[in-house]
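Reader: Could you walk me through this one? I would like to hear the reasons behind each label as we go.

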Amino acid sequence: MTIHKGRGFACINYPIGMNLGGDPAQALVHSTPDGKFMVALSAIDLGQGMKSVTRQIAAETIGVPVEDVYVDTADSDTGPHDMGSFASRGTHRVGNAVIRASAEARKQMMEAAAEELEVNAADLDTDGKGNIHVKGAPSRSITVAETAIAAQFKQGRTLAGRGIFLIPPSEANPETGEQTPVTCFAHAALVVEVEVDDETGDVEVTAINSAYEVGRALNPKLVEQQLIGGAWMGVSHALYETTEPYYPARDHGPEDFNTYLMPGPGQIVPHHIAVLERPAEDAPFGGKGPGEMCANPVLPAVANAVYNAVGVRCDRLPITPEKVLRGIRANGGARPKGRA
Amino acid sequence: MPKTPLTFTLNDGEVAVFVDPGASLIDVLRRGVGDLTPKQGCAQGTCGACTVLIDGKPHLSCLTLAETVEGRRIDTTAGLAGGPNLHPLQKAFMEGFSAQCGFCTSGMLMASKALLDRTPNPTRDEVIEAISGNLCRCTGYEPIVDAILSAAQQGGAR
Ligand code: FES
Ligand code: FES
């Protein structure tokens, strides 16, 4: 029995969102009479941080503390329309809609404050701490809460905004087939290290080193958490998960969490991540979002690492011990490819 | 079918309910008592999301017959925080970004509380062993293991 070490590389250009029907997202923002802002979305937070990141985006755009913004992603029956949480589109599409809605709400807030302070709205600025003041004269100020109360009870005005983000449709050129289906790409490259046992066919991932370019990381800890969790899922898809039958027949296929294999806490792989920030022009504060590509490149990298370790090319996932052993046998033994 | 009266302690409060014979503990907690912190992921004992403590030991509430907890003490995530003060484990999970969708979190917290209550300074392997009956689909487990170890360092048994 020999354990063969291998190393595999993969990289990815990941299109953010899709362009079927413009991939629209809508957001509505309004203030409550005490000067808090409510963002209504139908984009769903599955745990990827949709609520946190849209909250940051709204707070930054309106110019109020993040604590004073609430995001409600309650219900697609009653909320503004959204295409959904998929295709790594959340931060980009929904974030852009939130910026537009928040900018309109900010404009109304500044006009209401201007009326109270008897100045021109263009001369006002926010301090991000809940106050609006005359530029260059911070003492001439009014709180956001006072502004909202005045708007609600005196001026009869709402502090609200509507936003939609739509990608312009791109027709394919009939001559060349050329098209611009997406406006920005995120990128990643990663190296996976494995150990392959040539007697059992077992593959163990021992390390992942990755570099991700996700535009500006609007919430760096959330980005890191998604990258770590996504890579775990990539390893799981590469080596374990399938609903197809194992041996010898369909009845032996997995039916529940007992028999559907996934790596557990005992198989944690050290993952070193470098996040590179190259803000995209049409992205909210430059953030493209990590999304699906947290998991995708891990699979080819593992397959390449197995090839590098024992010379077996698996073109079906998951790369089970059976497939590795059959490959080794077909080759007449392990054929390590050495360090590429 | 006649219902059975059942009394037990839930996070320092006394509970008295009528339960259907054969009802699972998670059903009684969630529907009978309204404690929604134990989550039902699989209802067959394989995911750990429904973990609660019975007399301090972790149990899968989906597989526990409610009638067997008569007179016993149940701890759920709902009782972890003392008012506004989060339990050290909750704090460590929050600071360590150890939840994404959060569906496993309640079970993870109870399984790790049981560990820290009996082993205040666990090794990494002991932590892994303690949560090995709890599935997480989002985090890759590492942030969870790290959070439990960091809670232990901060005196996580409380
Ligand atoms: S719900 Fe009890 S173990 Fe899954
Ligand atoms: S955070 Fe989603 S299952 Fe653990």
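Author: Gladly, and let us begin with handedness: a crossing is right-handed if the near helix is turned clockwise from the far one by less than a right angle, and left-handed if it is turned anticlockwise. By that rule, H4(A) and H5(A) cross in the right-handed sense. Please keep in mind that this is a predicted model.

Reader: Why is H4(A) called oblique to H5(A)?

Author: Helix H4 (residues 220–239) of chain A packs against helix H5 (residues 298–310) of chain A at about 50 degrees, and their axes lie 8 Å apart. Angles under 35 degrees count as roughly parallel and 65 to 115 as roughly perpendicular. A value of about 50 degrees falls in neither class, so H4(A) is oblique to H5(A).

Reader: Which residues of H4(A) and H5(A) make the contact?

Author: H4(A) brings Ala231(A), Gly234(A), Val235(A), His237(A), Ala238(A) and Leu239(A), while H5(A) brings Val298(A), Leu299(A) and Val302(A). By class, seven of these residues are nonpolar, two are polar and none is charged. Gly counts among the polar residues in this scheme.

Reader: Over to chain B. What makes H2(B) and H5(B) oblique?

Author: The axes of helix H2 (residues 88–95) and helix H5 (residues 142–153) of chain B come within 8 Å and cross at roughly 135 degrees. Roughly perpendicular ends at 115 degrees and roughly antiparallel needs over 145. Roughly 135 degrees fits neither, and H2(B) and H5(B) are therefore oblique to each other. This crossing is right-handed.

Reader: How do you know which classes of residue the contact of H2(B) with H5(B) has?

Author: We can list the residues first: Pro88(B), Leu89(B), Ala92(B) and Phe93(B) of H2(B) meet Ile144(B), Ala147(B), Ile148(B), Ser150(B) and Ala151(B) of H5(B). That gives eight nonpolar residues, one polar and no charged.

Reader: And what makes H2(B) oblique to H3(B)?

Author: The reasoning runs along similar lines. H2(B) and H3(B) pack at about 130 degrees, their axes being 10 Å apart. Since that angle is neither within 65 to 115 nor over 145, H2(B) is oblique to H3(B). H2(B) and H3(B) also make a right-handed crossing. Here Leu89(B), Gln90(B) and Phe93(B) of H2(B) touch Thr105(B), Met108(B), Leu109(B), Ser112(B), Lys113(B) and Leu116(B) of H3(B). Five of the residues in this contact are nonpolar, three are polar and one is charged.

Reader: Now the sheet: why are E2 and E4 of chain B called edge strands?

Author: Five strands of chain B form an open sheet with mixed pairing, in the order E2-E1-E5-E3-E4. Strand E2 (13–19) and strand E4 (57–60) each pair on one side only, so they are the edges. From one strand to the next, the twist averages 40 degrees. Helix H3 (residues 105–118) of chain B packs on this sheet, touching strand E3 (51–54), E4 and strand E5 (73–75), and its direction makes about 35 degrees with that of E3(B).

Reader: How do you know that E1(B) and E5(B) pair, and in which sense do they run?

Author: Pairing takes at least two bridges. E1(B) and E5(B) have two and run parallel, with Thr9(B) opposite Arg73(B). By contrast, strand E1 (residues 4–10) of chain B pairs with E2(B) in the antiparallel sense over seven bridges. Among the partners are Phe8(B) with Val15(B) and Leu10(B) with Gly13(B). E3(B) and E4(B) are antiparallel too, joined by four bridges, and Val52(B) faces His59(B) there.

Reader: Which residues take a positive phi in the hairpins?

Author: In the hairpin of E1(B) and E2(B), with two residues between the strands, Asn11(B) has a positive phi near 50 degrees. In the hairpin of E3(B) and E4(B), which also has two residues between its strands, Asp55(B) has one near 45 degrees.

Reader: Finally, how many residues of chain B are in contact with chain A?

Author: 23 residues of chain B contact 24 residues of chain A. The two chains bury about 1800 Å² between them, 66% of it on carbon and sulfur atoms. Phe97(B), Gln100(B) and Arg137(B) supply 37% of the area that chain B buries against chain A, more than any other three residues.

Technical notes. Residues numbered from 1 in each chain as written. Chains lettered and ligands numbered in written order. Predicted model: local features only at pLDDT ≥ 70, side-chain atom pairs only at ≥ 80, totals over all residues. Heavy atoms only, no water. Axes fitted to C-alpha atoms, helices over the stretch in contact; angles between N-to-C directions. Contact = heavy atoms within 4.5 Å. Buried area = accessible area lost by both parts, 1.4 Å probe.
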